[in-house]
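Colleague: Could you take one part of this model and look at it closely for me, starting from a single residue and working outward? I would like a connected account that I can follow while I turn the structure on my screen.

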Amino acid sequence: MTAFSTLLGTQPILPIIQANSTEEGVAIATAMHKAGIHLVEVVLRTPASLDALIAIKKALPELCVGAGTITDPSLLTKSINAGSDFIVTPAVSPRLLDALTQSPIPVVPGVSNTADILLAKEFGFTEQKLFPASLCGGEQFLKAVSSVFADIRFCPTGGINEQNYQSYLALSNVIAVGGTWIAQSQWVHNKQFEKVTQACLQVLNNH
């Protein structure tokens, strides 16, 4: 199976889309794509999320679109059936990890401590999401586990912003950072989608 990092390529950020409607989701994704973003995550936190994911893939077929906030096997199945290109979870459990190992698409399981990292590793996952990064020890935690779990690479998410994302990206065990700061809810609410494009461009140009 293709690894998540292969899908990501050199893109330093995993842009997170939280959409309250399909139109909103497509507008955010379009603004990100204009900046040169080729991969995004749609978090399944609103009733419209799954429909938004489907609509984004239809409107922007060249965009790689993953489903986030996957917490149980049924949601995993729904996301795969909706055409998700990859899966991201906020946490892990033996039951969820067992289902994730059957996924035909790349998976990035969410971890928050060393026990989680080891559990996900035992199920074969070497690319993991640290969440919520800022509350789990952030950069210091990632530095501390780099020698113990030398084969694990992370996508820290949660509390990442324009002030600190570059220091995370400087770490050798970080493949990318997940972030919502490039699509702030106020911009989306005010339909200021050009600000989303600019924020994405800033990250891509600084990398």
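Modeller: A helix here is a DSSP run of type H or I with at least four residues, a strand is an E run of at least two, and both are numbered from the N terminus. The model is a predicted one. With that understood, a good place to begin is Leu-50, which lies in helix 3. Its relative accessible area is 21%, and because buried means under 20% and exposed means over 50%, Leu-50 counts as partly exposed. Setting aside neighbours within four places in sequence, Leu-50 is in contact with Leu-44, Lys-78, Ser-79 and Ala-82. Of these partners, Ser-79 is 29 residues away along the chain, yet the two C-alpha atoms are separated by 7.2 Å.

The next step outward is to the strands on either side of that helix. Strand 2 and strand 3, the latter made of residues 64-68, run parallel and are joined by five bridges, and within strand 3 the bridge partner of Leu-39 is Cys-64. Between these two strands the chain passes through helix 3, residues 49-59, in a β-α-β crossover that is right-handed.

Strand 2 itself repays a slower look. Five of its five residues, 39-43, are buried, so the strand is largely enclosed by the rest of the structure. Leu-39, Glu-41 and Val-43 point one way from the strand, while Val-40 and Val-42 point the other way, and all are buried, the glutamate included. Strand 2 also pairs with strand 1, residues 13-17, in the parallel sense over two bridges, and here Val-42 is the bridge partner of Ile-17. Strand 1, helix 2 (residues 22-34) and strand 2 together make a right-handed β-α-β unit.

From the strands one can move to the nonpolar packing. In soluble globular proteins, nonpolar side chains tend to be buried together. In this model the largest nonpolar core has 63 residues, of which Ile-17, Met-32, Ile-56, Val-177 and Ile-182 touch the most other members. For Val-177, not counting residues up to four places away in sequence, the residues touched are Pro-12, Ile-13, Leu-14, Cys-155, Pro-156, Ile-160, Tyr-165, Tyr-168 and Leu-169. There is also a second, separate core of 11 residues, which includes Phe-4, Leu-14, Leu-39 and Val-88.

Gly-179 belongs to strand 9, residues 177-179, and is buried, with a relative accessible area of 2%. Beyond its neighbours up to four places away in sequence, Gly-179 touches Leu-14, Pro-15 and Ile-16. By contrast, Lys-78, one of the contacts of Leu-50, is 24 Å from Gly-179, C-alpha to C-alpha, with their positions 101 residues apart in sequence.

A further sheet should be on your screen as well. This sheet is open, with three strands in the order 6-7-8 and parallel pairing; strand 6 (110-111) and strand 8 (153-154) are its edge strands, each pairing on one side only. Strand 6 is joined to strand 7, residues 127-130, by two bridges, and the partner of Val-111 in strand 7 is Leu-130.

Some backbone and side-chain details remain. The charged end of Lys-129 sits over the ring of Phe-131, at 4.6 Å from the ring centre. Most residues other than glycine have a negative phi, and most peptide bonds are trans. Phe-131 and Pro-132, however, are joined by a cis peptide bond, with omega about -15 degrees, and Pro-132 has its place in the loop between strand 7 and helix 7 (138-145). Thr-69 has a positive phi of about 65 degrees although it is not a glycine, and is found in the loop between strand 3 and helix 4 (73-81). Lys-191, in the loop between helix 9 (185-189) and helix 10 (193-206), likewise has a positive phi, near 55 degrees. In accessibility these two residues part ways: Thr-69, at 18% relative accessibility, counts as buried because the cut-off is 20%, whereas Lys-191, at 62%, counts as exposed.

Terms used
Residues are numbered from 1 along each chain as its sequence is written. This is a predicted model: local features need pLDDT of at least 70, side-chain atom pairs count only at pLDDT 80 or more; totals for chains, interfaces and linings use all residues. Side-chain values use heavy atoms; hydrogens and water are left out. A charge sits over a ring if NZ of Lys or CZ of Arg is within 6 Å of the ring centre and within 35 degrees of the ring normal. A nonpolar core is a set of buried Ala, Val, Leu, Ile, Met, Phe, Trp, Tyr and Cys residues joined through side-chain atoms within 4.5 Å. Buried means under 20% relative accessible area, exposed over 50%, partly exposed in between (1.4 Å probe, protein chains only). Contact means heavy atoms within 4.5 Å. Two strands pair if DSSP finds at least two bridges between them. A crossover is right-handed if, with the strands pointing away from the viewer, the path from the first strand over the helix to the second runs clockwise.
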